Amino acid sequence: MKFQQIKIVNATKNDLKKIIEIYYENSIKPPYNNKWTLKTATLKIHLSFKNTDHIFVAKLGKEVIGFLIAMKYYWWDGWRIYIDEISVSERYQNRGIGKLLLDKIESIAKAKNNPIITLYSDNNAKQATKFYDKYGYKKTTAILRYKIIK
């Protein structure tokens, strides 16, 4: 695989099946061990495709090998971009594909004067933590909280 053969482009409906496959396969494995089913993963990706500002895919030829889903939101200091998902097919990980996807959304943030990009990252996902640290994403003191309403 030659790095220059990889293209980062806007996702199309034709890319959804492969995006779902990558998302599902990476989400259910350690360290995440999420309880996604193929049905719920399909729903999430289809809803994201309809309701999200940016979905990019990394393509090697015609093959989708990774993707990034991001949206803009307003905060007290102005517009920001939130990366909802970034995932690369397992066989292509650690080859710079994730960095290419980050570069794409960062270039959009810069061009649109959205200087802050946020994301959620699981502290138990050591590879993801190292990845974000390497590319300058800082940890915050914010804590994700949730409550199950019965």
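**Group meeting: the cores and loops of a predicted model**

Good morning. I shall begin in the interior of the protein chain. The largest nonpolar core has 25 residues, and those that touch the most other members are Ile-6, Leu-68, Ile-83, Ile-97, Leu-101 and Ile-105. Six elements give two or more residues to this core: the strands β1 (6-10), β2 (54-60), β3 (63-75) and β4 (78-88), and the helices α3 (97-111) and α4 (126-134). Helix α3 supplies the largest share, namely seven residues. Another core lies apart from this one; it has 13 residues, including Ile-45, Val-57, Val-64 and Ile-69. Please bear in mind throughout that this is a predicted model.

Let me now place these cores in the overall fold. The protein chain contains four helices and five strands. Their order along the sequence is β-α-α-β-β-β-α-β-α.

How does the radius of gyration of the protein chain agree with that of a compact globule? A compact globule of 150 residues would have a radius of gyration near 15 Å, and the protein chain has 15 Å, so the two agree. Along the principal axes, the C-alpha atoms occupy a box of roughly 40 × 40 × 30 Å. Of the 150 residues in the protein chain, 38% are buried. If we take the contacts between residues at least 6 apart in sequence, 58% of them join residues at least 24 apart.

Turning to the surface, the accessible area of the protein chain is about 10400 Å², and carbon and sulfur atoms account for 54% of it. The protein chain carries 28 positive and 13 negative charges, and the mean positions of these two sets are 1 Å apart.

I should now like to look at single residues, beginning with helix α3. Ile-97, which we met among the core residues that touch the most other members, is located in this helix. Is Ile-97 buried or exposed? Its relative accessible area is 1%; the limit for buried is under 20%, and Ile-97 is therefore classed as buried. Between Ile-97 and Lys-112 there are 23 Å from C-alpha to C-alpha, for a separation of 15 residues along the chain.

Beyond helix α3, in the loop that leads to β5 (117-119), we find Asn-113. This residue is exposed, as its relative accessible area is 62%. Asn-113 and Arg-80 stand 33 residues apart in sequence, while their C-alpha atoms are 9.0 Å apart in space.

Next, the backbone. Most residues other than glycine have a negative phi, and most peptide bonds are trans. Where does this model hold a cis peptide bond? One joins Pro-30 and Pro-31, with omega at about 5°. Pro-31 is located in the loop between α1 (16-27) and α2 (38-51).

That loop between α1 and α2 also holds Asn-33. Although Asn-33 is not a glycine, its phi is positive, at about 50°. With a relative accessible area of 37%, Asn-33 is partly exposed.

Asn-94 likewise has a positive phi, near 65°, and is a residue other than glycine. Asn-94 belongs to the loop between β4 and α3. Its relative accessibility is 72%; since exposed means over 50%, Asn-94 counts as exposed.

Two further loop residues show how positions distant in sequence are placed in space. Thr-12 sits in the loop between β1 and α1. Thr-12 counts as partly exposed, at 36% relative accessibility. From Thr-12 to Val-57 the C-alpha distance is 8.9 Å, although 45 residues separate the pair in sequence. Val-57, you will recall, is one of the residues of the 13-residue core.

The second is Gly-61, in the loop between β2 and β3. Gly-61 is exposed, with a relative accessible area of 59%. Its C-alpha atom is 7.0 Å from that of Gln-5, and the two residues are 56 apart along the chain.

To close, I would leave you with three points. The predicted model has a nonpolar core of 25 residues, to which α3 gives the largest share. A separate core of 13 residues lies apart from it. In the loop between α1 and α2 we have Pro-31, joined to Pro-30 by a cis peptide bond, and also Asn-33, with its positive phi. Thank you for your attention.

Definitions and conventions: Residues numbered from 1 in each chain as written. Predicted model: local features only at pLDDT ≥ 70, side-chain atom pairs only at ≥ 80, totals over all residues. Heavy atoms only, no water. Rg over C-alpha atoms; globule rule 2.2 N^0.38 Å. Buried < 20%, exposed > 50% of the residue type's maximum accessible area, 1.4 Å probe, protein only. Contact = heavy atoms within 4.5 Å. Areas by Shrake-Rupley, 256 points an atom, 1.4 Å probe, with all protein chains shown as cover. Lys, Arg positive; Asp, Glu negative; His and termini not counted. Charge placed at Lys NZ, Arg CZ, Asp CG, Glu CD. Core = buried A, V, L, I, M, F, W, Y, C linked by side-chain atoms within 4.5 Å.
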